[in-house]
Structure formats: structure tokens, C-alpha cells
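Trainee: I should like to learn how to read individual features in a protein model. May we go through a few of them together?

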Amino acid sequence: MRKGVKIGIIISIILVLILVLFFVFKVQNIVLKKVYPKKYSEYVYKYSEEYEVDPLLIFAIIKAESNFNPNVVSSSKAIGLMQLMDATAEELARKLDITFEKESSLYDPELNIKLGTKYFSDLLKEYKQNTLLALTSYNAGKGNVKRWIEQGVIKEDGSDIENIPYKETNNYVRKIVRDYKIYKELYK
């Protein structure tokens with residue numbers, strides 16, 4: 001076989017492999033975007049900008065909290081996309097001067113995302129932009145996080161999330177951190 005033919009075959013094989021890899025990654029991206037969607041993006045982007053929170057982090061929170069189902073109610077009676085408790089929602093609505101008639105309002109995706117994003121933004125401010133502590137507090141409550149820090153169970157910088165004593169909260173924070181990384185990689 002001539003040298004020119006061999007080089008042509010090798011180049012053809014390389015091109016075919018590149019095309020195959022391209023399509024595999026393209027299909028993988030399509031599948032991952034179905035698993036990690038950006039549903040309700042008009043509200044997420046609007047309120048993320050208003051309350052200065054990374055929208056991809058809000059998508060990760062919504063995925064963990066409700067998997068984008070606005071009708072979810074937890075065993076602790078948290079409601080909607082961002083799983084808000086009625087009392088938390090009422091307090092936030094008062095701060096924002098929003099009419100909040102009853103907990104059924106929390107099934108409304110826009111209101112739920114607005115209040116949930118505001119709440120998370122407030123937590124980020126309270127914890128000096130420490131995402132890990134804000135996520136821990138979002139799930140376990142500010143009182144628990146404060147107590148854990150005071151007792152030395154977790155550090156004030158959130159660098160030891162593996163020490164979060166509630167297994168559910170420990171898993172929750174890890175899941176959102178993982179999903180946030182995936183969102184950033186998929187939608188960069």
C-alpha cells in the first residue's frame with residue numbers, strides 16, 4: 001500500500017472518530033439537559049437578578065426541592081417549587097409588601113420562586129455569601145445552623161459540611177453542590 005493511501009485512511013479514521021465523539025457528547029448533553037432542565041427560567045432569571053443570586057444555583061435548589069413540580073408538598077408541609085413553609089412565605093411577603101392570602105398561593109410558580117429566591121438571597125447575606133451555610137440553613141433552619149456553629153459541630157466558614165449532623169441536610173447540601181456544578185457545566 002502506498003504511503004499516501006495509508007495517511008488518507010488514518011485521516012479518515014480520525015475524522016470518523018471525531019464525529020462519533022462529537023455525536024456521543026451532543027446526545028449526552030441533550031439527555032443531561034432533560035434531567036437538569038431550566039424550567040420556569042423566566043421567573044428564575046428575573047428574581048435571581050433582582051436578588052443577586054446565581055440563577056443556576058436556584059435551578060439546582062428547585063431540582064433538589066421539588067424536581068420542578070409546583071404541586072409538591074413535603075411531610076413537613078413545605079409547598080411548591082422551592083418548598084417554602086407557610087410562615088416563612090408570610091414573613092417574606094410582608095417584607096416585600098406582597099399580598100399573601102393563604103398557603104395555596106405557594107403553588108404559583110412565580111410567587112414561589114420569587115419568595116424562595118429572596119429567602120435564599122437573605123441567607124447568603126446573613127452567612128456572608130457562604131453558599132454551603134446558606135444551603136444548610138435553607139434546609140435545616142437558621143436556628144440549627146447557629147447552634148451547630150456555636151457548639152463547634154460545623155465551622156463558621158462551612159468548610160466541613162461532612163459534619164452536618166442531620167443526615168437529610170448533609171445529603172441535601174451535597175446534592176445541590178453536585179447539581180450546581182452540573183448546571184454550570186451544561187449551561188456555561
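Mentor: Let us begin with a loop in this predicted model. Glu52 sits in the loop between helix 2 (41–51) and helix 3.

Trainee: What is the phi of Glu52?

Mentor: As a general idea, most residues other than glycine have a negative phi. Glu52, however, has a phi near 55 degrees, a positive value in a residue other than glycine. Its side is open to the surroundings in the sense used here: Glu52 counts as exposed, at 64% relative accessibility.

Trainee: Which loop holds Gln83, and is Gln83 buried or exposed?

Mentor: Gln83 belongs to the loop between helix 3 and helix 4 (86–95). Its phi is positive, about 50 degrees, although Gln83 is not a glycine. With 11% relative accessibility, Gln83 counts as buried. Positive phi values also follow two helices: Asp97, just after helix 4, has about 55 degrees, and Lys128, just after helix 5, has about 55 degrees.

Trainee: How should I read a charged residue such as Glu65, and what is the nearest side chain of opposite charge?

Mentor: In general, side chains of opposite charge can pair when their charged atoms come close. Glu65, in helix 3 (residues 55–66), is buried yet has no salt bridge. The nearest side chain of opposite charge is that of Lys175, 9.4 Å away, whereas a salt bridge requires the nitrogen and oxygen to lie within 4 Å.

Trainee: With which side chain does Glu65 make a polar contact?

Mentor: The side chain of Glu65 makes a polar contact with the side chain of Tyr172, at 2.6 Å. Leaving aside residues up to four places away in sequence, Glu65 touches Leu81, Met82, Gln83, Tyr138 and Tyr172. The list includes Gln83, the buried loop residue discussed above.

Trainee: Which residues of helix 4 are buried, and where do they fall when seen down the axis?

Mentor: The general idea is that an α-helix has 3.6 residues a turn, so residues three or four places apart point the same way. In helix 4, Ala89, Leu92 and Ala93 are buried. Seen down the axis of helix 4, the buried residues fall within an arc of 100 degrees, so they line one face of the helix. Ala87, Arg94 and Lys95 are exposed on the other side of helix 4. Helix 5 is among what covers the buried residues of helix 4.

Trainee: How many residues of helix 5 are buried?

Mentor: Helix 5 is mostly covered, with 15 of its 18 residues buried. Helix 5 (residues 109–126) reaches 25 Å from its first C-alpha to its last, close to the 26 Å expected at 1.5 Å a residue.

Trainee: How many salt bridges does the structure hold, and which residues are linked in a network?

Mentor: The structure holds seven salt bridges. Lys95, Lys118 and Asp122 are linked in a network of them. The side chains of Asp122 and Lys95 meet at 3.3 Å, N to O. Asp122 lies in helix 5 and Lys95 in helix 4, so this pair ties together parts that are 27 residues apart in sequence. Asp122 also forms a salt bridge with Lys118, where the closest N and O atoms are 2.9 Å apart. Those two residues are four apart in helix 5 and therefore separated by about one helical turn.

Trainee: Within this network, is Lys118 buried or exposed?

Mentor: Lys118 is buried, with a relative accessible area of 13%. Asp122 is buried at 16%, while Lys95 counts as exposed at 53% relative accessibility.

Notes: Residues are numbered from 1 along each chain as its sequence is written. This is a predicted model: local features need pLDDT of at least 70, side-chain atom pairs count only at pLDDT 80 or more; totals for chains, interfaces and linings use all residues. Side-chain values use heavy atoms; hydrogens and water are left out. Buried means under 20% relative accessible area, exposed over 50%, partly exposed in between (1.4 Å probe, protein chains only). Lys and Arg count as positive and Asp and Glu as negative; His and the chain ends are not counted. A polar contact is a pair of N or O atoms within 3.5 Å; within protein, one must be able to donate a hydrogen and the other to accept it, and residues adjacent in sequence count only if both atoms are side-chain atoms. Contact means heavy atoms within 4.5 Å. The expected span of a helix is 1.5 Å times one less than its number of residues. The arc is that of the directions from the helix axis to the C-beta atoms.
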